[in-house]
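Work through the following exercises with the sequence and the coordinates at hand, and try each task before reading its solution.

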Amino acid sequence: MLCKLALGNVRRAGRDYLVYLLTLTLAVTVFYAFNTISIQVDLADIASEGLATSLGGIISGLTVFLAIVMGFLMVYANNFIMKRRKKEFGLYQVLGMSRGQVARVMALETFIVSAAALVLGIVLGLALSWLMTFFTASLFKTQIADFHFFFSISALFITVVCLLAIFAVTLVFNLRVVARARVIDLMSAGRQNEAIRTRNPWVAAAVFLVGLAAIVVAYVRLLNDGLPYDGSPEGMQKFLITTVTVVIGTILFFFGLSGFLLKALQAARGLYWRGLNMVTMRQLAAKVNTVSFSMAMIAMLLFLAITSVTAGMSLADVMNTSVERGTPVDYTTVVVYYSGSTVDELNADPTVTGGEGGVVFAEAEEPVDVMEMSRRQTVNAGTDDAQPFDLASIAGSSIQVDLFESTPRGADMPVVNLLDLCEEVDEELPQGIDETGVSGLGLTVMRESNYNEYLRFRGMDPIVLGEDGYTILSDMGESVNRIYDKVLGEGVELTIGGRVLYPVQDRVNEDASTFVNAMFGMNSGTIVLPDSLVDQLDLPPYQSYLMLNYADGVNPDDADAYIGEYREYGDITDTAGNLVGAWGVEATRTSTYESVDSMNGLISYLAIYIGFVLVVACAAILTIQQLSGVSDASKNYRILAELGTSDREISHSVLVQQTIFFVFPVVVGVAHSIVALSIIIDLVEVFGGLTIGGTVGFTTLIFLIAYGGYFCVTYLMSKGIVRDAIRTRHAQ
Amino acid sequence: MRKQTVQADHIDATAPRVHMTLPTTPRGGAEAPRHAAPAATAQPVLDVRHVEKVYGARNNVTRALADVSFTVARGEFVGIMGASGSGKSTLLNCISTIDAVTSGNVLVGGVDVTGMKSSKLTKFRREQLGFIFQDSNLLDTLTARENIALPLTISRVPAAEVLRRVEATAQRLSIAEVLDKYPYQMSGGQQQRVAAARALVTDPAIIMADEPTGALDSKNARLLLECFETMNHDYQATVLMVTHDSFAASYTHRVLFIRDGRIFTELRRGSSTRQAFFERIMEVVAMMGGEGSDAL
């Protein structure tokens, strides 16, 4: 019997439940689809296996967070329904149903809707997850070799658990309404008009201006102070104050917004006393108490979504465009030499040296022959198949690049460092580089002859330094190159080792500055000096790079596979047999491309997931608020109709109100994002220059579809509510 | 094609009516005889001809109105009385174009409204009719001033003109002091008088009042009715009031009694006092309510 009642109720209150159902269905769809990521990655034949697991893990973690967001949203949507139906529940009690029975009816209703949402959501989620597989494949730049339809039990499980949690929370809230409310309150709920607390519009306008001022102050602070990358307490405190200022500013902004608009329009008498303008403004002002806080919240959420999506996708974009420059050869490997202090530390530690008669660490006198050293590595070590690593067997042309430290042996300070260069050209240090650390850290040094060998290897024209020339290399993008370009362009004289040097190039040649295969630029600054000067300075080696192209006739896949085999790394020693360095990261062109693609995919994926869910949540909250607002005000619209206002004019008024509600949070959110992004981009540039381009277009499109869709639905449903309200009167 | 509702000449649209535009120069009380119901002049402002209203399908027909005919002259204050279910509200809805008649015609200012299209009806309602309901039906988000101004702003009357007319009407109906209050800050009587001002401010051909005193205590009811008298007398507003309260009806010039969808009888006040008219109304009510006079 109760079941029948509940079913009937759901059917009857269909429209009220529609928003709830829609939002819950969407949540289920998104949860399910995104949690099938590991299967999608499998299907898309994405090489790196760790990625599927780590991505799956991150998504599951995120889902919990987003489930909480969604949970709040559902409670909100549910309250909207409950508000509407208090009277009905009161009536049940008057007719003799116990509170327990009423509660059961309600629980059943919630259950029916949730179950419907689950079924609908899973069906849609299945379709979405299949579609997304292709999207995932394109994000990770792979092809789908063997597509088949799939169903993920684990994704279903996660989704059901989240839904159950949401269901439980909603139920608790509903039961509280029934348990707490007195029958008389329930019965009169419909008539109890929402108290219209009117605030003095002058005060509201002042609040608005204060909020606006606070936002501007926060913007200026952020632009001046930047982000606290170094994590210093002072920086963090500044950042915290800025954050609090912008949050408070945003809230005040929205609390004062309608009052301000009201005052502004009232000042224009001809406009205010015209058509439904004053009704529109008053309706806005009347709802401000209930809505302004959530508008502020939504502005902040949108800000988060826009910033994370744009920054994430731009970062991915950067990697994509720089990967070609970042992979000059088929294979690179690095030897990192021990510095003097490291050598002392290592020698002092018997657990590393093995005590008396063990190994001895030493500073290298000369760079080692990297190709030679690689023969000491063992492929398939510990098996019967063990054999020396034979790079020569796959190598065609190769080149070794040797970089030296810029602090001469026995000296304390480098001969050239970034801070001095900045001061020379009157530029700030790049964001994210700490002033105290940089003064001791010099640029690395390269011999002219070695660099010309490198240039020939790369098929480029050699440079001539003569006895008093220098040039600077870097592939880290605008943030540091702006300094180097200025140094070279202004012909800054450098005095090194008693010799005055002049630049021979007028800007950094980024394409001729890369020594390793990598996703990002790795060369933050290398100065090329005449050989005689380098000899004179007596500099210790810093790193040696081996850059190698596969020989003609060698299948690159086979070569990659050979390099990819498990290997035991050998010691790197000088002629005396002392350990002078360690192997650094090696990379093939293929592996670099792959890691760029997966990193790329990962970032885009997470950005879209978070952004999408946040935007949907925001839009759903606005929709629910608007719909409840419209039905609260439907009496007013009916009166307007009776006074002879056309339906078109009423719809127009509703549209204007809703546009303000939907557009202002976006405007504020976008403004926040632009300021924040301008800072973040500065930071990201350190990794190799950021271009916000095509990705933003894509992001905007997704955003518009989701947010705009909700806006359209809201407007159309509001129109329906208003039309019904008008017709009710007419039919009486 | 959809008709543009913004009409610069909307005031002229009410041109067929003779009396002056409100309330620039309200006519002094001395010029018009206080209780003389104007005789039906050449063209009545309202002409109801053989109106019939039938609800329901073939086998279950309810005849709410059966062949109702009457006229209301310009500047008349007419009451319609009847028990609940007698058809008086249906009649008002049919006249006010909120409901459609089954057959017959309703002419307002000589224009037949029964065949009008809905877009035209909206404009007609806005310009020719004023409404006062039992619950004041004010917009709760607007101040009294804005509520009264609403019909004018909807008709795109210039702002200065709007404010002047609102002010003058409010002065006339003694509600100037509540102009900047919201409905929830006013008493029920004040709300009803604001609603009356809103109905009056557009200078409509006819003002329809549906049980306007229904929700008021006797003191506020009297204030409102005196307010109607003022409207009728000072502004020559034509008022059609549906009520089941004999006391309220005694303020009118003429009362139509409706029973079972037909006009049962009609009383004219003539030159008698309000008290005498009230007693005559009570007699008819007692006569009509054969099954119990509390039916009214």
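**Exercise 1. Determine how helices α3(B) and α4(B) pack, and which residues make the contact.**

Solution. In this predicted model, begin with the two elements themselves, helix α3 (residues 144-154) of chain B and helix α4 (residues 159-172) of chain B, whose axes lie 9 Å apart and make an angle of about 130°. Next, classify that angle: values over 145 degrees would count as roughly antiparallel and values from 65 to 115 as roughly perpendicular, and α3(B) and α4(B) are therefore oblique to each other. The handedness follows as a separate step, and the crossing of α3(B) and α4(B) is right-handed. Finally, list the residues that meet: α3(B) contributes B:Arg145, B:Ile148, B:Ala149, B:Leu152 and B:Thr153, while α4(B) contributes B:Val162, B:Arg165, B:Val166, B:Thr169 and B:Ala170. By class, the residues of this contact comprise 6 nonpolar, 2 polar and 2 charged.

**Exercise 2. Establish the strand order of the open sheet in chain B, and identify the strands at its edges.**

Solution. Start from β1(B), residues 46-55, which pairs with β4(B), residues 103-108, in the antiparallel sense over 5 bridges. Within this pair, B:Val48 has B:Val106 as its bridge partner, and B:Glu52 stands opposite B:Ser103. Then turn to β2(B), residues 62-72, which runs antiparallel to β1(B) and is joined to β1(B) by 7 bridges, with B:Val51 opposite B:Val68. The hairpin of β1(B) and β2(B) has 6 residues between its strands, and there B:Gly56 takes a positive phi near 95°. Assembling the pairings gives an open sheet of 4 strands in the order β2-β1-β4-β5 (chain B), with antiparallel pairing. At the edges stand β2 and β5 (111-112) of chain B, each of which has a single partner strand, so one side of each is left without a neighbour in the sheet. As a last step, place helix α1 (residues 88-95) of chain B, which packs on this sheet by touching β1, β2 and β4 of chain B, and whose direction makes about 120° with that of β1(B).

**Exercise 3. Find the strands that pair with β4(A), giving the sense of each pairing.**

Solution. Take first β10(A), residues 541-550, which runs antiparallel to β4(A), residues 395-404, and is joined to β4(A) by 8 bridges; in this pairing A:Val401 stands opposite A:Tyr545. Take next β5(A), residues 444-447, which is also antiparallel to β4(A) and is joined to β4(A) by 2 bridges, with A:Leu403 opposite A:Met446.

**Exercise 4. Is A:Pro530 buried or exposed?**

Solution. First locate the residue: A:Pro530 lies in the loop between β9 (526-529) and α19 (531-537) of chain A. Then count its surroundings: A:Pro530 has 21 C-beta neighbours inside 10 Å and therefore counts as buried, the threshold being 20 or more. Beyond its neighbours within four places in sequence, A:Pro530 is in contact with A:Glu448, A:Leu465, A:Gly466, A:Glu467 and A:Gly469. For A:Thr471, which is 59 residues apart from A:Pro530 along the chain, the C-alpha atoms of the two residues are separated by 9.9 Å.

**Exercise 5. Describe the side of chain A that touches chain B.**

Solution. The contact involves 22 residues of chain A and 25 residues of chain B. On chain A, at least two residues each are supplied by α10 (269-272), α11 (277-322) and α22 (634-642), and the largest share, 5 residues, comes from α11(A). Sorting the residues of this side of chain A by class then gives 8 nonpolar, 10 polar and 4 charged.

Terms used:
Residues are numbered from 1 along each chain as its sequence is written. Chains are lettered from A and ligands numbered from 1 in the order in which they are written. This is a predicted model: local features need pLDDT of at least 70, side-chain atom pairs count only at pLDDT 80 or more; totals for chains, interfaces and linings use all residues. Two residues are in contact if their C-beta atoms, placed from the backbone, lie within 7 Å. Ala, Val, Leu, Ile, Met, Phe, Trp, Tyr, Cys and Pro count as nonpolar, Asp, Glu, Lys and Arg as charged, and the others, Gly among them, as polar. Two strands pair if DSSP finds at least two bridges between them. Axes are lines fitted to C-alpha atoms, for helices over the stretch in contact, and angles run from 0 to 180 degrees between N-to-C directions. A residue is buried if 20 or more other C-beta atoms lie within 10 Å of its own, exposed if 12 or fewer, and partly exposed in between; C-beta atoms are placed from the backbone. A crossing is left-handed if the near helix is turned anticlockwise from the far one by less than a right angle, and right-handed if clockwise.
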